[in-house]
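Got the viewer open? Load the model, pick a colouring you like, and follow along stop by stop.

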Amino acid sequence: MYRNDVTGCLMSIFIALLIFFLIKELWWLIVGLVIIAVVVYYSSLIYEKVSQTVEKEKESVTPQMGEVFKVCPYCNAKVKVTTKTCPQCGRALN
């Protein structure tokens with residue numbers, strides 16, 4: 001039983017030294033992984049923002065050539081003359 005305790009202790013020391021060596025020698029790998037994680041996080045935020053903007057543009061009413069429209073005084077969106085509320089901001093048009 002004493003031999004198993006020593007073996008486990010030596011193995012723990014070996015693993016700790018191996019981890020220290022890897023951290024000391026491969027610091028560039030750790031820094032690279034941190035940079036990749038940051039880039040992936042912010043790129044996903046940017047992708048969501050761009051996709052929401054594209055979706056909003058698809059939903060917005062764009063007048064066809066020759067249609068009469070007016071500009072919303074609140075958000076400057078182009079809306080048809082017959083609409084009572086702005087589809088972009090939802091405010092009443094007078």
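First, a definition for the ring hunt: rings of Phe, Tyr and Trp (its six-membered ring) pair if their centres lie within 6.5 Å, and planes under 30 degrees apart count as stacked, over 60 as edge-to-face and the rest as tilted. By that rule the structure holds one aromatic pair. Select Y41 and Y42: they form that pair, edge-to-face, with 5.1 Å centre to centre and 75 degrees between the planes. How exposed or buried are they? Buried means under 20% relative accessible area, exposed over 50%, and partly exposed in between, using a 1.4 Å probe and protein chains only. Y41 is partly exposed at 47%, and Y42 is partly exposed at 48%.

A word on ground rules. This is a predicted model, in which local features need pLDDT of at least 70 and side-chain atom pairs count only at pLDDT 80 or more, while totals for chains, interfaces and linings use all residues. Residues are numbered from 1 along each chain as its sequence is written, and side-chain values use heavy atoms, with hydrogens and water left out.

Now colour by pLDDT, the predictor's confidence in each residue, from 0 to 100. The protein chain averages 80, and 84% of the residues score at least 70. Confidence is lowest in helix α1 (residues 2-25), with a mean of 74, and highest in helix α2 (residues 27-59), at 86.

Switch to cartoon. Helices (H or I, at least four residues) and strands (E, at least two) are DSSP runs, numbered from the N terminus. You should find two helices and two strands, in the order α-α-β-β along the sequence. Buried residues make up just 5% of the 94 residues in the protein chain. Call it a contact when heavy atoms are within 4.5 Å; of the contacts with a separation of 6 or more, 7% are between residues 24 or more positions apart.

Next, select C72, A77, V79, C86 and L93. These five residues are the largest nonpolar core, meaning a set of buried Ala, Val, Leu, Ile, Met, Phe, Trp, Tyr and Cys residues joined through side-chain atoms within 4.5 Å. Zoom in on C72, which is buried with a relative accessible area of 0%. Leaving aside neighbours within four places in sequence, C72 is in contact with A77, C86, C89 and L93.

With those cysteines on screen, how many disulfides does the structure hold? The count is zero, where a disulfide is a pair of cysteine sulfur atoms within 2.5 Å. For C72, the nearest cysteine sulfur is that of C75, 3.7 Å away. Why is C89 unbonded? Its closest cysteine sulfur, in C86, is 3.7 Å away, too far for a bond. C89 itself is partly exposed, at 33% relative accessible area.

Move to the loop between β1 (69-71) and β2 (78-80) and pick N76. Check its backbone: phi is positive, about 60 degrees, although N76 is not a glycine. N76 counts as exposed, at 60% relative accessibility.

Last stop: R91, in the segment after β2. R91 counts as partly exposed at 47% relative accessibility. Show what R91 touches, not counting residues up to four places away in sequence, and you get Y74, K84, T85 and C86. To link back to the core stop, draw a C-alpha to C-alpha distance from R91 to C72: 8.7 Å in space, with the two 19 residues apart in sequence.
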